[in-house]
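I pulled up this model to go through it at my desk. Notes follow in the order I looked things up.

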Amino acid sequence: MCRNIKTLFNFDPPATNDEVHDAALQFVRKLSGTTRPSKQNQHAFDHAVEAIAASARELLDSLETNQHPRNREEVAAKLRAKAAIRFA
């Protein structure tokens, strides 16, 4: 499950709120051991996702670097090439 969490810092354009939320969702899924919580646990699950997404957004907004922002398309192309070799 956590393999879907990607680095979100130092990209141009910056990570969207949807990307941060998706990473938080994957993290909560991994911690809880479930992709779909029971109705009894749905509120706690959703609350955890929102809290982690807010913390992640705060972290991303406060980080600083001297490196040039990475290009999303270049990074994605490198990952696709690596996957093609790995799964060929």
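**Entry 1: a contact list to start.** Reminder to self: this is a predicted model. I began with Val-20 and asked what it touches beyond its neighbours within four places in sequence. The list I got is Leu-8, Ala-15, Ala-53, Ala-56, Arg-57 and Leu-60.

**Entry 2: the core.** Next I looked for the largest nonpolar core, and it has 11 residues. Val-20 is one of them, and so are Leu-8, Ala-15, Ala-53 and Leu-60 from the contact list above. The remaining members are Ala-23, Ala-24, Leu-25, Val-28, Phe-45 and Val-49. Which helices each supply at least two residues of this core? I found helix H1 (17-32) and helix H2 (42-62). H1 gives the most, with 5 residues. The general background I have in mind is that nonpolar side chains tend to be buried together in soluble globular proteins.

**Entry 3: Val-28.** I picked one core member for a closer look. Val-28 is found in helix H1. Buried or exposed? Val-28 has 6% relative accessibility, so it counts as buried. Leaving out residues up to four places away in sequence, I see Val-28 touching Phe-45, Ala-48, Val-49 and Ile-52. Phe-45 and Val-49 are also on the core list. I took one backbone distance here as well: the C-alpha atoms of Val-28 and Asp-46 are separated by 9.0 Å, with their positions 18 residues apart along the chain.

**Entry 4: salt bridges.** How many salt bridges does a search of the whole structure find? I got 2. Side chains of opposite charge can pair when their charged atoms come close.

- Glu-19 pairs with Arg-72, and their closest N and O atoms are 3.1 Å apart. This pair links distant parts of the chain, since Glu-19 is in helix H1 and Arg-72 is in helix H3, 53 residues apart. I checked exposure for both: Glu-19 is partly exposed at 28% relative accessible area, and Arg-72 counts as partly exposed at 24%.
- Asp-61 pairs with Arg-57, with the closest N and O atoms 3.3 Å apart. Both sit in helix H2, and because they are 4 residues apart, about one helical turn separates them. Asp-61 has 54% relative accessibility, so I logged it as exposed. Arg-57 had already turned up among the contacts of Val-20.

**Entry 5: the pocket.** I then looked at the largest pocket, which has a volume of about 350 Å³. Of its 16 lining residues, the closest to the centre are Lys-6, Thr-7, Leu-8, Phe-11 and Leu-79. Leu-8 is a core residue too. Helix H1 and helix H3 (72-87) each supply at least two residues of the lining, and H3 has the largest share, 5 residues. What classes line the pocket? I noted 7 nonpolar, 3 polar and 6 charged residues.

**Entry 6: backbone oddities.** Most residues other than glycine have a negative phi, and most peptide bonds are trans, so I went looking for exceptions. The peptide bond from Asp-12 to Pro-13 is cis, with omega near 0°. Pro-13 lies in the loop between strand E1 (11-12) and H1. Asn-10 has a positive phi, near 65°, and belongs to the segment before E1. With a relative accessible area of 12%, Asn-10 is buried.

Notes:
Residues numbered from 1 in each chain as written. Predicted model: local features only at pLDDT ≥ 70, side-chain atom pairs only at ≥ 80, totals over all residues. Heavy atoms only, no water. Core = buried A, V, L, I, M, F, W, Y, C linked by side-chain atoms within 4.5 Å. Buried < 20%, exposed > 50% of the residue type's maximum accessible area, 1.4 Å probe, protein only. Contact = heavy atoms within 4.5 Å. 1 Å grid on protein atoms, 1.4 Å probe; cavity = no way out; pocket = protein on both sides within 12 Å on 5 of 7 lines; lining within 4 Å. Points joined across faces, edges and corners; volume = space filled by probe spheres on them. Nonpolar A, V, L, I, M, F, W, Y, C, P; charged D, E, K, R; others polar. Salt bridge = Lys/Arg side-chain N within 4 Å of Asp/Glu carboxyl O.
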